[in-house]
Amino acid sequence: MTLFQQLENASKEAVKSIFSIELDNVEITLTRKDQNGDFTIMVFPMLRHIKGNPAAIGQQIGEYLIENTDLVTDIEVIKGFLNITVAATAFLKDFNRILSDANYGVKNQDTTQPGVMVEYSSPNTNKPLHLGHVRNNLLGFSVANIIEATGRTVNKTQIINDRGIHICKSMLAWEQYGDGETPESTGLKGDKLVGNYYVKFDQEYKKEIATLIAQGKTEEEAKKEAPSILAAQEMLQKWEQGDAEVVALWEKMNSWVYDGFETTYRNLGVNFDSLYYESNTYLLGKDVVQEGLDKGVFEKDPDGSVWIDLTEDGLDRKIVLRSDGTAVYMTQDIGTAIQRVKDHNINSMVYTVGNEQDYHFKVLFLILKKLGFDWAENLYHLSYGMVELPSGKMKSREGTVVDADELMEEMTSTAKTIAQEQGKLEGLSEDEKERLYNMIGLGALKYFMLKVDPKKNMMFDPAESVDFQGNTGPFIQYTHARIQSILKKTGFDSNKLMTATNLELTDKDTAVIMSLQQYPTMIQTAADKYSPALIANYVYELVKEFNSFYQNVPKIVEENNADLKQFRLLLCYKTAAVVKSACHLMGIEVPEQM
């Protein structure tokens with residue numbers, strides 16, 4: 001039983017003994033830093049059951065805890081808040097509990113229960129991944145890790161947008177201007193090569209529009225009648241009809257892109273358990289439309305198109321099938337969701353998609369509920385805001401997009417420069433140094449991205465993110481490396497668990513223990529709120545507490561009391577373990593030396 005649970009149970013027992021009332025729960029929080037005590041028992045909520053002055057009630061409960069338990073040594077009552085100081089022996093016992101759990105904070109997988117599917121990335125196969133994809137991937141991957149840490153099985157997936165007019169634009173431009181170029185012949189990653197031809201198409205298309213306007217066409221007419229767009233539309237029709245030549249080109253160019261994506265994912269440190277392709281899913285959902293019509297969920301207009309009227313739910317009418325019988329994106333998403341539940345043992349899904357799609361997912365989830373799928377109650381849109389750089393917003397088709405690969409290379413290069421200036425890299429081989437630079441650079445990138453609430457727009461400042469001071473990844477990584485250095489210098493043995501229970505602890509000792517105590521709850525809260533930012537800011541507060549402890553207690557290596565020295569080394573050891581665990585949830589590696 002955790003110390004927190006012991007305090008809650010003791011508080012319930014106190015209320016029952018003093019007031020003959022059984023409470024279902026007692027609210028306990030950490031005591032404010034400007035007040036005395038370790039934990040605060042909230043008396044105000046008890047007034048629903050206990051009549052009287054809150055300060056007097058708090059005083060009675062506090063005195064009971066001192067007299068009848070070995071948990072509390074002192075109290076302070078401020079109005080309806082009972083601040084309690086916990087006995088060192090209670091802290092030490094709880095710390096031993098934390099120490100004995102090798103995977104502290106992380107629950108074992110319960111494979112008997114339905115799992116969760118987390119979708120992220122979901123790129124188009126006509127261009128490389130960019131800065132926005134980086135935030136998407138890091139959020140989705142981290143949320144998947146956090147949910148998995150609560151004991152649920154997780155399937156990480158993406159739906160690859162591998163068909164449509166945008167894909168045909170790249171294909172057409174390569175046919176016209178590529179002269180047989182391949183990733184091998186150019187030395188370019190496949191996604192970069194294909195992306196170049198998407199940009200090329202747009203450049204030529206704009207020239208054609210300008211020519212047509214000069215000939216007297218309106219801009220709208222020119223956009224529709226430009227030869228390039230007509231050719232791309234014809235190519236799409238051929239693809240849908242299964243034209244062998246077009247399909248072969250589509251398969252070849254997509255394979256180039258997939259190879260490029262795989263390199264980017266590997267370098268970014270994310271992966272997937274299953275893949276869905278729009279070319280396989282774009283016809284899904286059409287059969288569901290007929291079922292919805294039979295149930296009265298959908299309605300057919302005179303022109304044959306099928307709609308759902310959501311005005312009574314505060315939304316609007318939404319088309320689910322065109323008059324010519326073709327599906328829209330909503331139809332595909334309905335069908336894909338149903339297919340995923342058939343394919344996997346899951347009963348909930350998380351969609352990591354930008355906030356410009358907020359309305360789409362409100363409609364999708366509501367339609368699935370109206371169709372009668374009970375798992376539709378467990379769908380969540382992990383909506384996130386735009387990423388900007390200090391130089392301004394990213395642009396799209398003009399080829400000035402912030403490339404994910406180049407961003408990672410820049411982060412590693414910046415980390416190398418700073419690490420060489422500040423780090424202690426003696427004894428590391430050149431390969432080990434390069435691995436360290438990469439670890440610091442990616443750690444900086446990931447932490448900076450994840451510490452911001454997903455729903456907020458964010459400004460990503462590469463230089464600020466690699467700072468070795470402040471709320472940054474390198475600061476947290478450096479703290480882990482510092483702890484490893486302490487343990488190495490002292491010849492620490494992790495198998496020697498603490499046995500002493502009568503040590504005199506400082507406030508700095510107990511502050512670190514209390515930070516460690518919060519870890520399991522923080523994981524569950526982050527999973528419930530789908531927010532890696534909670535883990536990021538938790539681990540930052542933990543390393544701040546550790547650094548304060550390290551600077552303010554006697555130097556551990558010089559400690560004369562053997563039991564106290566061993567306790568503090570174990571405190572260092574477990575802090576490092578939790579830092580490493582929390583960083584793992586964010587996809588961040590931590591070094592042994594920096």
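**Getting started**

A residue counts as buried under 20% relative accessible area, as exposed over 50%, and as partly exposed in between (1.4 Å probe, protein chains only). The model you are looking at is predicted, and local features need pLDDT of at least 70, side-chain atom pairs count only at pLDDT 80 or more, and totals for chains, interfaces and linings use all residues. Residues are numbered from 1 along each chain as its sequence is written, and side-chain values use heavy atoms, leaving out hydrogens and water.

**A strand covered on both sides**

Let us begin with β2, a strand covering residues 39–42; strands (E, at least two residues) and helices (H or I, at least four) are DSSP runs, numbered from the N terminus. In a regular strand, side chains alternate between the two faces of the sheet. Here F39 and I41 lie on one side of β2, T40 and M42 on the other, and all of them are buried.

β2 has antiparallel partners, where pairing requires at least two DSSP bridges between the strands. With β1 (residues 28–30) β2 shares 3 bridges, and with β4 (residues 81–86) it shares 4.

**T40 up close**

T40 is a good residue to zoom in on: its relative accessible area is 5%, so it is buried. Its bridge partner towards β1 is T29, while in β4 it stands opposite N83.

The side chain of T40 also makes a polar contact of 3.0 Å with that of T31. Such a contact is a pair of N or O atoms within 3.5 Å; within protein, one must be able to donate a hydrogen and the other to accept it, and residues adjacent in sequence count only if both atoms are side-chain atoms.

**Helix α10**

Next comes α10, spanning residues 244–268. Its 25 residues should cover 36 Å at 1.5 Å a residue, and the end C-alpha atoms are indeed 36 Å apart; the expected span is 1.5 Å times one less than the number of residues. D243 caps the N-terminal end, with a side-chain oxygen 3.1 Å from the backbone nitrogen of E245. After the helix comes G269, whose phi is positive, near 85°.

The buried residues of α10 include W250, W256, F261 and L268.

**The nonpolar cores**

A nonpolar core is a set of buried Ala, Val, Leu, Ile, Met, Phe, Trp, Tyr and Cys residues joined through side-chain atoms within 4.5 Å. The largest one has 154 residues, and L445 and F460 touch the most other members. Helix α22 (residues 562–585) gives the most to this core, with 12 residues. Apart from it lies another core, of 34 residues, including V289 and L379.
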